Amino acid sequence: MDGTLKANLNENPFNPISELKDEFLRVLESIEINRYPDQSYRDLKSAIGKKFGLSYENIAVGNGSDELILYILLAFRSKGLPVVIPYPTFGMYEKTAFLLGMRVEKVYLDENWDLPIESLMKLVSKGAILFLGYPNNPTANCWPKEELRSIIEINPGITVVDEAYHEFSGKTMLDLIFERDNLIILRTFSKAFGMAGARVGYAISHKRIIERIDEVRLPFNLNLFSEKMALLMLEKDFWVKEKVAHIVENRDWLIENLKGLDFLKVYPSETNFILCKVLDERLDLLTFFKERNIEIRKPDIDGNYIRISVGKREEVERIWSLLKDLQEKLWLK
Ligand SMILES: Cc1ncc(COP(=O)(O)O)c(C=O)c1O
């Protein structure tokens, strides 16, 4: 570590390996690295399924949810449906669809990041592979559940609800899984579970959808370490809950403070990151932070916006203290 504060990729600031070292070491010692993983990933799928009262047949696992986005598009590409995404949203949906030569249609969110519900419903009523972040990245909000339900019901194609930040919002569309056979929920171990480096994501869906995803999946797409570490972390609910509570507390503390700054508009957040609009077009906060050894993100939104991932208390305090000093300097100008 070079002392850089990483507030750009919405990672968990806590490393479960250093905090649960003995247990991770025991898992490591039990791994037969000379063997291939079980290519059905039945143990991991069963353990995930059990969490939701579902069978392993309702679960697909991927090398991060990024890989599952690729598999979903590969599995349903032949239907010839357009890929519909809100704008702004997580970049991998468009990037992956583009790489596969699929047609992408964007629906623009309004200034409060709400969905243009009527035009979206009209668009998907003819069938689409629709991606919806719940909560959405980088806007950090959850759209009303009833709106999502109407969209999911009207789309005869496939709706993917990406719940990468679910543990921070506490919200889910999972209950609809039991009613619909064309809905996919995406989750990941990269955020609340603190395992971004292990690359484990999963999809929850109807058995028939999971079979289609499995048809395009590479046989050994998860390595043994990641599979076993995910299995261990699934038993560590207390660790996840404790860290999420801590991060949410820091997020709310930072949001309250940021609201006092003249040069930022701060948006509410149901995630582990905060989106702000920089009201002075000339203010380059990305460079400002970079020069002070802090990496934040310039999200893909037209205009001067920044996205700050929420970390440990001392980290959010460092960010706040720099912005407070900047405000004072701007006043003195
Ligand atoms: C909305 C959303 N989905 C998926 C991902 C990718 O997660 P993974 O690390 O599981 O590939 C991210 C990562 O930032 C994300 O923001």
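**Group meeting talk: a two-domain model and its ligand shell**

Hi everyone, let's start at the ligand, where helix H4, residues 64-76, gives the largest share of the surrounding shell, with three residues. Please keep in mind that this is a predicted model. In total, 13 residues surround the ligand, and the closest are Gly64, Ser65, Asp66, Thr188 and Ser190. If you like to think in terms of chemistry, the shell divides into eight polar, three nonpolar and two charged residues.

Now let's step back to the whole chain. The domain assignment gives domain 1 as 5-13 plus 238-332, and domain 2 as 21-235. Their C-alpha centres lie 27 Å apart. Where they touch, domain 1 puts in 20 residues and domain 2 puts in 18 residues. On the domain 1 side, helix H11 (237-258) and strand S10 (273-278) each supply at least two residues, and H11 has the largest share there, four residues. That side of domain 1 is made up of 10 nonpolar, five polar and five charged residues.

Next, the sheet. We have an open sheet of seven strands with mixed pairing, and the order to follow on screen is S2-S8-S7-S6-S5-S3-S4. Which strands stand at the edges? They are S2 (59-62) and S4 (104-108); each has a single partner strand, so one side of each is left without a neighbour in the sheet. On average, neighbouring strands of this sheet are turned by 25° against each other, direction ignored.

Let me zoom in on one pair. Strands S5 (residues 129-133) and S6 (residues 158-162) run parallel and are joined by five bridges. To find one of these on your screen, look for Ile129, whose bridge partner in S6 is Ile158.

Helices lie across this sheet too. Helix H3, residues 42-51, lies across S2 and strand S8 (201-205), and runs at about 125° to S2. Helix H5, residues 91-99, lies across strand S3 (83-87), S4 and S5, at about 150° to S3.

Finally, one residue to click on: Leu234, in helix H10, residues 224-234. Is Leu234 buried or exposed? In fact Leu234 is partly exposed, because 16 other C-beta atoms lie within 10 Å, and that count falls between the 12 or fewer of an exposed residue and the 20 or more of a buried one. Leaving aside residues up to four places away in sequence, Leu234 touches Ala47, Ile48 and Lys51. Take Ile48: Leu234 is 186 residues from it in sequence, yet the C-alpha to C-alpha distance is 7.5 Å.

Thanks for listening!

Definitions and conventions. Residues numbered from 1 in each chain as written. Predicted model: local features only at pLDDT ≥ 70, side-chain atom pairs only at ≥ 80, totals over all residues. Near = placed C-beta within 6 Å. Nonpolar A, V, L, I, M, F, W, Y, C, P; charged D, E, K, R; others polar. Domains from an automatic or database assignment. Contact = placed C-beta atoms within 7 Å. Pairing = 2+ DSSP bridges. Axes fitted to C-alpha atoms, helices over the stretch in contact; angles between N-to-C directions.
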